[in-house]
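User: I have a chain loaded and want to go through its geometry. Please keep the answers short.

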Amino acid sequence: MLELIWLIPLLPIVGVAINGLFGNRMSRRAVGLVACGVVAASFLVSLGAVLELAELPEHARFSETEVLGTWLPMGPLADGGEALRVSWGFALDALSAVMVLVVTGVGFLIHVYATGYMEHEDGFARFFVYMNLFMAMMLTLVLGNNMLVTFVGWEGVGLCSYLLIGFFYDRPFDERTGLSCADAGRKAFIVNRIGDFFFIVGMLFLAVTYGTLNYRPLLEAIAGAGPASHGMLVTVGILLFLGACGKSAQIPLYVWLPDAMAGPTPVSALIHAATMVTAGVYMVTRMSGLYAHAPEAMFLVACVGAGTAMFAALMGIAATDIKKVLAYSTVSQLGFMFAAAGTGAYVAAIFHLMTHAFFKALLFLGAGSVIHGLHGEQDITRMGGLKEKMPVTFRTFLIGAIAIAGIVPFAGFFSKDEILWGAWSSGNRAVWAVLAMTAGITAFYMFRLVFLTFYGTFRGDRHAWDHAHESPKSMTVPLMVLALLSFVGGWIGIPKALTGVDVNVFHHWLGPAVVAPHAAEGAHHSTLLELSLMGAALAIAGAGIGFAWHVYRRSEGLADALAKGFGPAYTLVRNLFWVDELYEAWILKPFYRVSRWFTGFDKWVVDGLVNASGIVTEITGQIVKLFQTGYVRNYALAILIGAIAVVYFFVTL
């Protein structure tokens, strides 16, 4: 199967072609079968390739294939340098193996769910064309054997996110900002382009310096680079991270992701759980060999990650849209992953990426099931008591909430604990403290969501309650599978400190594929300390859940009293720190003013000069043509008048 890895991104393209050409003449069932079938086939090929890869010795777990040979024979980029030749090829190693299984496996479940969720929507075939194209681009990003092929997928998922987020392009989306769904799609597209600019510049630095963009020779060249390259590597590390900030929604480029909720819920699950937003974490981990030589860039990654985790979690406290609460949660959890990468805990970052894909896809699809059962209602202040009406959705959603809160033995506990331990053991105690507090806040707002949605009495209108119902099996079966993964998915990464036996399969699989900084490699701490920190993290998460229960279940009216008590602080959080308004005032409005000035300059100066030269030419032509009649007698008369004028001039001189 290893020689067939090129089929993994190609199979979804087949679905794009079939549904794109014939979808409007096919039944919805046939469209769904094609869309789900090609993703399932990709998953099976991925699984076969990964199993074959696992049979190889640890040092030989790498397979590369060039599909179309040399793509860009660009010649030498510097005097005396070697020619830069970029191949169109794919590669599978331990890191990309984790990603392809997550993307195709979770992506398949989301596709199945979408066949039920989108059953009554217009544009059914168009939706699945976009979904399959998105899968193909994400798999291209993951499997690219060089940075340029990765960038093709990187840009492809950006385009597809624009198409999918703006799928309901004619519908309003956000009353506070006045955005329509089409606006939200454009916002995601533009913000991502800002990050992409930095990615391109970083990539060009590497191409010019090392003459290759293929990951293996590039990272080998970086490993052999001397101290003189330190400044350049730090610069490139920061540039690539800024690119990752756009794709993975980190400060200050996170603003597009909450508005990405404008897309249908399966889109939110696909983008937020397993695919696009994890691309930045994947890329930083892929370039771990570079960051090992750029500790200043790593420090920036850790600080921005921890800051984003806390900042987004605070916004999740006061949000009332069920999908937006999960969106801020995604931004926060991505912050955890970047903080892990920044402290050298790359394995923990990818481990949390995997478990997060399970429980976040589950939570988004559960939210979609609630929205589906309430005929479009998304405000959790207008819900309540739904656990009796939607038992499967409630139970699976509860499992997802426990997992993200980090309660043992659910999946999120193991990956989050490994991140916290990585931060502490690498000496980044401040990062650990911020992440530990954020874990408590996460537990609070997730169970606020559970209590307001499924417990108590229904707060919406009677008609919505009477018609509330459980979702069909096409939607609940994927929920149950994801719930199972959210429960047991972390067991492949159980730390040695917990059992006394080294059973951490995930660490053994991925560890050799990343380059940890020297400080992290040499760190040794006691088992008692690790267990103590683990207990502290559990206690913090438990306190968050307990506080949510106290506020939203035990003491009626306490939530409103706390909101009034916090006054301006609550208003600040409730209005999302007015970040969108600040962007509007400090960036967009000055940009619009400058744009209007340039428009005026172009209209009145540039166009004026061009139009004036045309008018002068036209007038000159009109005058000159008076003398160009084509009659010989007129020319003879002109010569005679001229001759008389000359004679008169000399006579009177």
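The questions below go from the whole chain to helix packing, the core and single residues.

User: What is the secondary structure of the chain, and what percentage of its residues count as buried?
Analyst: This is a predicted model. Its secondary structure comes to 28 helices and four strands. The C-alpha atoms fill a box of roughly 125 × 70 × 55 Å along the principal axes. Of the 653 residues, the share that counts as buried is 52%.

User: How much area does the chain expose, and what percentage do carbon and sulfur atoms supply?
Analyst: The exposed area is about 27800 Å². Carbon and sulfur atoms supply 67% of it.

User: Are helices α2 and α4 roughly parallel or roughly antiparallel?
Analyst: Helix α2 spans residues 28-54 and helix α4 spans residues 124-143. Their axes come within 9 Å and cross at roughly 10 degrees. Angles under 35 degrees count as roughly parallel. Helices α2 and α4 are therefore roughly parallel.

User: Which residues of α4 meet α2, and how many residues in the contact are nonpolar?
Analyst: From α4 come F124, A125, F128, N132, M135 and L139. They meet R28, V31, G32, A35, V38, V39 and S42 in α2. By class, the contact has one charged, three polar and nine nonpolar residues.

User: At what angle do α8 and α13 pack, and are they roughly parallel or roughly antiparallel?
Analyst: Helix α8 covers residues 230-247 and helix α13 covers residues 295-318. Their axes lie 8 Å apart, at an angle of about 25 degrees. That makes α8 and α13 roughly parallel.

User: Which residues of α8 meet α13?
Analyst: On the α13 side, the contact holds P295, E296, A297, L300, V301 and V304. By class, the contact has nine nonpolar, two polar and one charged residues. The α8 side consists of H230, V234, G237, I238, F241 and C245.

User: Which helix gives the largest share of the largest nonpolar core?
Analyst: This core has 213 residues. L92, M147, L206, W256, M287 and Y291 touch the most other members. The largest share is 19 residues, and it comes from helix α15.

User: What does W256 contact beyond four places in sequence?
Analyst: W256 is among the core residues that touch the most other members. Its contacts beyond four places include I165, K187, A188, V191 and N192. Others among them are G246, K247, A249, I271, M276 and V277.

User: A249 and H375 both have a positive phi. Is each buried or exposed?
Analyst: A249 is in the loop between α8 and α9, with phi of about 55 degrees. Its relative accessible area is 0%, so A249 is buried. H375 is in the loop between α15 and α16, with phi near 55 degrees. At 56% relative accessibility, H375 counts as exposed.

User: Where are the prolines P252 and P409, each joined by a cis peptide bond?
Analyst: The bond between I251 and P252 is cis, with omega about 5 degrees. The bond from V408 to P409 is cis too, with omega near 5 degrees. P252 is in the loop between α8 and α9. P409 is in the loop between α16 and α17.

User: Is T65 buried or exposed, and what does T65 touch?
Analyst: T65 sits in strand β1, residues 62-76. Its relative accessible area is 17%, and under 20% means buried, so T65 is buried. Beyond four places in sequence, T65 touches I5, G89 and F90.

Key
Residues numbered from 1 in each chain as written. Predicted model: local features only at pLDDT ≥ 70, side-chain atom pairs only at ≥ 80, totals over all residues. Heavy atoms only, no water. Axes fitted to C-alpha atoms, helices over the stretch in contact; angles between N-to-C directions. Helix = DSSP H or I, 4+ residues; strand = E, 2+ residues; numbered from the N terminus. Parallel < 35°, antiparallel > 145°, perpendicular 65-115°, else oblique. Contact = heavy atoms within 4.5 Å. Nonpolar A, V, L, I, M, F, W, Y, C, P; charged D, E, K, R; others polar. Core = buried A, V, L, I, M, F, W, Y, C linked by side-chain atoms within 4.5 Å. Buried < 20%, exposed > 50% of the residue type's maximum accessible area, 1.4 Å probe, protein only. Areas by Shrake-Rupley, 256 points an atom, 1.4 Å probe, with all protein chains shown as cover.
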